[in-house]
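Dear colleague,

I am handing over the structure we discussed, and my notes on it follow directly below. Please read them with the structure open beside you.

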Amino acid sequence: MAESRERGRSIDLRDFFSAAEARTDRWRQMSAVARAWESSVTRGKPDEASRDEAAKLLGEVAILEDYWAYPGTRLMTTVRDALKEGNAAVFARVVQKISNALLTGSYRHETAAWDPLEEGEGRVLDVLPPEVQQGNGQKPYFEALVVTPNDPRGWERARNDLRRLRRPEDQFVYELVQVGSFEDGAIGAIFNTNVQAVVLYDGFEFRSRHDLPVMRDFLLRHLRVDPNSVAPGSLATTLARAIKGFRPELDIYLLTDRAVEHLAGSDEAAPIRRIFHAVEELMEVHLSILDGVSERYDAPYFANLKKYAQRPIGTFHALPIARGKSVFRSNWIRDMGHFYGTNIFLAESSATTGGLDSLLEPTGNIKKANELTARAFGAKRAFFGTNGTSTSNKIVVQAICKPGDIVIVDRNCHKSHHYGLVLSGAQPYYVEAYPLTQYSMYGAVPLRTIKKALLDCKAEGKLDRVKVVDLTNCTFDGHMYNTRRVMEECLAIKPDLIFLWDEAWFGFARFNPFHRRRTAMGAAAALTARYRDPAYKQEYAAFAAKAGSLDPKNDKLLDMHLIPDPDKVRIRVYQTNSTHKSMSALRQGSMMLVWDEDFHHVEGTFEEAFFTHTSTSPNLQIIASLDIARRQMELEGYELTMRMTELALKIRREVNSHPLISKYFHVATAEEMVPAEFRASGIKDYGPPNSSWKDVLEAWDNDEFALDPTRLTVICGAAGFDGTQFKGLLAERFDIQINKTSRNSILVQTNINNTRSDAAHLIRVLAELSREIEKNLAEKGKAEQEAFAARTKSLMTDVPDLPNFSRFHDVFRDNPKGVSNEGHMRPAFFMAYDEANCEFVKLASKDIDSRLKNGPEMVSANFVIPYPPGFPIMVPGQVITEETITFMRKLDVKEIHGYNAGKGLELLKPEALAEHRPRATGR
Ligand SMILES: Cc1ncc(COP(=O)(O)O)c(C=O)c1O
């Protein structure tokens, strides 16, 4: 189905996510067609239709092949010649060879894959020194893109010259891809995911020799390059900037005969790693290319841990498991050793000597690994967390808040933030995300709501106490904030606000230009550049003249795009991410990223918070895996994240357009997950035929919220399954694991680990279940059909309203009459430590209804967090309202943290509340 539909489409360069994948598909299809052609020739009845089809497919891939080193000129010429000469046997053999090599990646290490004449396994591209052995014993392979004004007839010679420079001690092996223009250089960097370095020879032209109007439009809009305004002399530096904007991890080199000494010091050259005078040695360029990649490959902590594991060390510290002797010598637990292998024990230690460094006071390779992480993720500072983002959030909250500070926080955020606030004594000002009642889930917090909270605090004279805005980006269900816009407008109201963006799910987002535009660090960089631009001063002056002093009573401010004073604004952004959730880190591996212009004021408290929450026995393997995850993302994050996005788009398209599956299952679209008021672009769904990529990028740039397509809310209520039931069924019958559910949906996430086979498996399962439902309904008659209709109606239509945060009880508020809702949660939390202060009421009891009607008010003694949806529907000190009770009574989930059905709801007694005397702010 998908195959035939895709076959009908030619490779569309607008389809950034799938063009590279479509290329491999075309080679595979061409191989099948070539075999059919060859066998028709062997039978003596040459099939011209197969030959024409092969020619068409070759024409389609040929556009892209100029941008990849493999298959390269020799193989392509052989294929073209064989087709022209009607030599079906050679055509089929070589096309199959290319197709296999692309599929298996064998071209990365086998010379035979590059040779039209050689068959089968060949010599490896180079021999690997032991210290850089990869698992398969090969040197890592990459491609270097060269943009050059030189005559293409000399390119082959240049490639051979470079191959001659290879030395056995080189860490990596690479091939060159040469192109001749600015446009081709940009396209090569976008499409060829093997490219790790770009070498620009000054003097190339702008236009590609291919006619690519779509790419032209893309370059203009998204790399912000206008061909009419680029001075010929600055083509190379403009291209360098454009490529860096798209793939910041790439190393860019410039060879020029301009005055290099002058150029090297200019802003123009900032994106360039090294500038060479054009006549300089090729060897220097070669070594620099290897050196650049080596800097990203370097994983200092992991490398040292490997070295440590090889040393014969006698341990007399705690941790008997270190070196594995207590395991391998045991009569009873030897299977543990066999299961895990030796290295995990050899690499264990509770010492911080031997170059292992200390996570708590890093001065060596952990410090270096932190620095590399900051560079890779576009932050100023980075810290590793070894107890999940649950702890990273508490560290950051404690580092930036003190008792009495007000934190504007999404009530729907992960519980670690709420607990962090209890511990730090800061007061939460809860703001509500918009509800998606039909799916029993929340979206994200509208900017208007956040601005209103800030302006209300300003009106009540407590803006100075508002320290932090704390939001989840993207949410579990994939709502991505417009991080730039949110920070810009909040900073206009309070220019030194700190932002904590919980990007637990979104760490990967740094590594492709599409997601990156919606990240905390991406926004911090963009805003810093914007406010430094002299033109911004004028923009602000015009704004200030119009908006005046931002009177909080002026409701118009809520709908106006506010911008901050460049002389006052500070960029203070913190991000936490669960590296283990989206990258190759071991469970609990987490990172804290910092872009804070005033970090020198926070450094001490950050360290205290780090000490408060970090184990003095951190897990060495988690630290090493964070180091490695960073290496991977810097080298192949672009390819992996583009591929996972493409896979998600494929699943979306296939499920929603499949005639049978779509009767019972549906993947919620951008239109369904983001209400129209937050989606100014009007975009409904991603990719053709619903929208062009131009529309999508514009929506991602400007809409208030956008949907991360890699998070797929699969609605299963119409198939008669509630989320929990469907999750269980997928796991038990089909070995498909997911973790989040709602009343009528499950969340399917694609990540860098998923393959097309995984996608195919999921789609096959949905098709099988749809068939079963059809059969069941057809065979079991009317009664079954009515029962099914009633069940789907209950799941899809009779959904409970989601309760908003009500308010803190008056005794926990400084000004019960005020509109700002912040409260003292910590004293409420600790009041419950004294059992005498608490009482229990059963959810079903009439007492509850009577108290709701006649009082006294019921006040929660603790957090009550049902899974799903996973947000606290009660927090300590919160007044319980009818909406909350109705929601709890309708809730049909088994796991509710903080609630024991046998005992009932835990409340603070009215007498205890009456005795609680508010003390000074900051209790
Ligand atoms: C938004 C959010 N933040 C933080 C966390 C906690 O992360 P970790 O599992 O790494 O402790 C989660 C976990 O699901 C989450 O969804």
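In what follows, a residue is taken to be near a molecule if one of its heavy atoms lies within 4 Å of it. Please keep in mind throughout that this is a predicted model.

The ligand site

With that cut-off, the residues around the ligand are Gly388, Thr389, Ser390, Asn393, His414, Thr472, Asp502, Ala504, Trp505, Ser578, His580 and Lys581. Sorted by class, this shell comprises 8 polar, 2 nonpolar and 2 charged residues. Two helices, helix 17 (388-400) and helix 24 (579-582), each contribute at least two residues to the shell, and helix 17 provides the largest share, with 4 residues.

Three polar pairs may be worth inspecting. A polar backbone atom of Thr389 is 2.8 Å from an oxygen atom of the ligand, and a nitrogen atom of the ligand lies 2.6 Å from a polar side-chain atom of Asp502. In the side chain of His580, an N or O atom is 2.8 Å from an oxygen atom of the ligand. On its own the ligand has 390 Å² of accessible area, of which the protein covers 84%.

Strands

Strand 7 (residues 406-410) has 5 of its 5 residues buried, so this strand is largely enclosed by the rest of the structure. In a regular strand the side chains alternate between the two faces of the sheet. Here both faces are covered, since Ile406, Ile408 and Asp410 on one side are buried, as are Val407 and Val409 on the other. Strand 7 runs parallel to strand 8 (residues 427-431), to which 5 bridges join it, and within strand 8 the bridge partner of Val407 is Pro428.

Elsewhere, 3 strands form an open sheet with antiparallel pairing, in the order 16-18-19. Strand 16 (666-667) and strand 19 (745-749) stand at its edges with a single partner strand each, so one side of each has no neighbour in the sheet. Strand 16 is joined to strand 18 (residues 711-715) by 2 bridges, the two running antiparallel, and Val667 has Val714 of strand 18 as its bridge partner.

Helices

Helix 5 (residues 88-104) has 17 residues, which at 1.5 Å a residue should span 24 Å, and the end C-alpha atoms are indeed 24 Å apart. The buried residues in helix 5 are Ala88, Phe91, Ala92, Val94, Val95, Lys97, Ile98, Ser99, Ala101 and Leu102. Just after helix 5, Gly105 takes a positive phi of about 75°.

The same check on helix 11 (residues 282-297) gives an expected span of 22 Å for its 16 residues, and the end C-alpha atoms, 23 Å apart, agree with it. Among the buried residues of helix 11 are His286, Arg296 and Tyr297.

What does the side chain of Lys451 reach? Lys451 lies in helix 19 (residues 447-459) and, at 2% relative accessibility, counts as buried, with its side chain reaching the backbone oxygen of Leu558 at 3.1 Å.

Loops and backbone details

Two cis peptide bonds deserve a look. One joins Tyr70 and Pro71, with omega at about 10°, and Pro71 is in the loop between helix 3 and helix 4. The other joins Gly855 and Pro856, where omega is about -5°, and Pro856 lies in the loop between helix 33 (846-854) and strand 21 (865-867).

Ala69 is also in the loop between helix 3 (48-65) and helix 4 (72-85), and at 7% relative accessibility Ala69 counts as buried. Its C-alpha atom is separated by 56 Å from that of Ile896, a residue 827 positions away along the chain.

Two residues that are not glycine have a positive phi. Asp357, with phi of about 65°, lies in the loop between helix 15 (343-346) and helix 16 (365-377), where Asp357 is buried with a relative accessible area of 10%. Gln588 has a phi near 80° and is found in the loop between helix 24 and strand 15 (590-596); at 36% relative accessibility, Gln588 counts as partly exposed.

With best regards

Note on methods. Residues numbered from 1 in each chain as written. Predicted model: local features only at pLDDT ≥ 70, side-chain atom pairs only at ≥ 80, totals over all residues. Heavy atoms only, no water. Polar contact = N/O pair within 3.5 Å; in protein donor to acceptor, adjacent residues only side chain to side chain. Areas by Shrake-Rupley, 256 points an atom, 1.4 Å probe, with all protein chains shown as cover. Nonpolar A, V, L, I, M, F, W, Y, C, P; charged D, E, K, R; others polar. Expected span 1.5 Å × (residues − 1). Buried < 20%, exposed > 50% of the residue type's maximum accessible area, 1.4 Å probe, protein only. Pairing = 2+ DSSP bridges.
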